[in-house]
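Please open the model in your viewer, with the sequence panel alongside, and keep a selection tool at hand. The stops below are meant to be followed in order.

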Amino acid sequence: MKVLDAAVVLTIAALGLSPLVMGVSPSVSGPLVVRISSPTLNRTIRLDPSTHLTIRVQSRDGGFNLVEVQGLKVRVSDADCPDRECVKRGWLTSPGDQAVCLPHRLVVRIEGDGDELDGLSQ
C-alpha cells in the first residue's frame with residue numbers, strides 16, 4: 001500500500017506543477033492601455049515609458065479622484081471618498097490590475113492583448 005500511496009502523491013504533485021511547466025501566465029503581446037471609466041469620463045490611454053499625466057475625475061456627487069499615470073504604471077493618487085480603498089490599491093502595473101472607487105463609480109483598469117485568457121484557456 002505504501003508504494004501505491006507514493007504513486008498517488010507523485011501524480012497529484014505532477015498535476016499540480018503542470019501549469020507552471022506549461023507556462024500558464026497571461027501573455028501580453030500588444031500595447032498596454034489604461035481604461036478610466038466613470039459616469040462622467042470614459043478614456044483610454046496608451047501606456048509607454050514617456051507617458052506622465054494626472055487626470056482629475058469629477059463624480060456626479062461633487063467628489064473627485066486623481067488618476068496618475070507614470071510610464072507603464074497607473075494609480076489613483078487621491079480621492080475624497082470615505083474609505084479611500086481606490087487610493088490604498090497603489091500602483092497598477094499588469095494587465096487585469098484594477099482600482100475601483102464604489103462611491104464615485106470609478107474603475108481604472110490596465111488592459112492589453114491576451115489579458116482576458118490564461119494559458120489553459122487559450
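The tour goes from the whole chain to its strands, then to the core, the cysteines and the charged pairs.

**The whole chain**

Begin with everything displayed as a cartoon, and keep in mind throughout that this is a predicted model. The protein chain contains 2 helices and 7 strands, and if you trace these elements from the N terminus you will meet them in the order α-β-β-β-β-β-α-β-β. Switching to a surface view shows an exposed area of about 7700 Å² for the protein chain, 57% of which is supplied by carbon and sulfur atoms. Of the 122 residues, 31% count as buried. Among the contacts with a separation of 6 or more, 33% are made by residues that lie 24 or more positions apart.

**Strand β1 and its two partners**

Next select residues 33-37, which are strand β1, together with residues 42-46, which are strand β2; the two pair in the antiparallel sense over 5 bridges. They form a hairpin, with 4 residues between the strands. To find one particular bridge, pick Ile36 and look across to Arg43, its partner in β2.

Now add residues 106-111, strand β7, which also pairs with β1 in the antiparallel sense, over 5 bridges. Here the residue to pick is Val34, whose bridge partner in β7 is Ile110.

**The nonpolar core**

Which residues have the most contacts inside the largest nonpolar core? Show the side chains of Val34, Ile36, Val74, Leu106 and Val108, which hold that place in a core of 21 residues. The elements that give two or more residues to this core are β1, β3 (52-58), β4 (64-70), β5, α2, β6 (98-101) and β7.

Centre the view on Val108 and display its surroundings: leaving aside neighbours within four places in sequence, its contacts include Val34 and Ile36, which you have already selected, as well as Val67, Val74, Val76 and Leu92. Arg35, Asp97, Gln98 and Ala99 are also in contact with Val108.

**Ala79 at the end of β5**

Move to Ala79, which belongs to strand β5 (residues 73-79). Is this residue buried or exposed? Its relative accessibility is 4%, so Ala79 counts as buried. Beyond residues up to four places away in sequence, Ala79 touches Phe64, Asn65, Arg84, Cys86 and Val87. If you wish to draw a distance here, join the C-alpha atoms of Ala79 and His104, which are 25 residues apart along the chain and separated by 9.3 Å.

**The cysteines**

Cys86, one of the residues that Ala79 touches, leads to the next stop. A search of the whole structure finds 0 disulfides. For Cys86, the nearest cysteine sulfur is that of Cys81, 3.9 Å away, and Cys86 is in no disulfide. Why is there no bond from Cys101 to its closest cysteine sulfur? That sulfur, in Cys81, is 3.7 Å away, which is too far for a bond, since a disulfide requires the sulfur atoms to be within 2.5 Å. Both of the cysteines just inspected are buried, Cys86 with a relative accessible area of 2% and Cys101 at 2% relative accessibility.

**The salt bridges**

Finish with the charged side chains, where the structure holds 6 salt bridges, of which three are visited here.

- Select Arg75 and Glu68, whose closest N and O atoms are 2.9 Å apart. Arg75 is partly exposed, with a relative accessible area of 28%, whereas Glu68 is buried, at 12%.
- Select Glu85 and Lys88, which meet in a salt bridge at 3.5 Å, N to O. The two are 3 residues apart in helix α2 (residues 85-88), and so are separated by about one helical turn. Glu85 is partly exposed at 44% relative accessibility, while Lys88 is exposed at 59%.
- Select Arg109 and Glu111, which form a salt bridge with their closest N and O atoms 3.5 Å apart. Arg109 counts as buried at 19% relative accessibility, and Glu111 is likewise buried, with a relative accessible area of 18%. Add Arg35 to the selection, as salt bridges that share partners join Arg35, Arg109 and Glu111 into one network.

Note on methods: Residues are numbered from 1 along each chain as its sequence is written. This is a predicted model: local features need pLDDT of at least 70, side-chain atom pairs count only at pLDDT 80 or more; totals for chains, interfaces and linings use all residues. Side-chain values use heavy atoms; hydrogens and water are left out. A salt bridge is a side-chain nitrogen of Lys or Arg within 4 Å of a carboxyl oxygen of Asp or Glu. Buried means under 20% relative accessible area, exposed over 50%, partly exposed in between (1.4 Å probe, protein chains only). Contact means heavy atoms within 4.5 Å. Accessible areas come from the Shrake-Rupley method with a 1.4 Å probe; for residues, only the protein chains shown count as cover. Two strands pair if DSSP finds at least two bridges between them. A nonpolar core is a set of buried Ala, Val, Leu, Ile, Met, Phe, Trp, Tyr and Cys residues joined through side-chain atoms within 4.5 Å.
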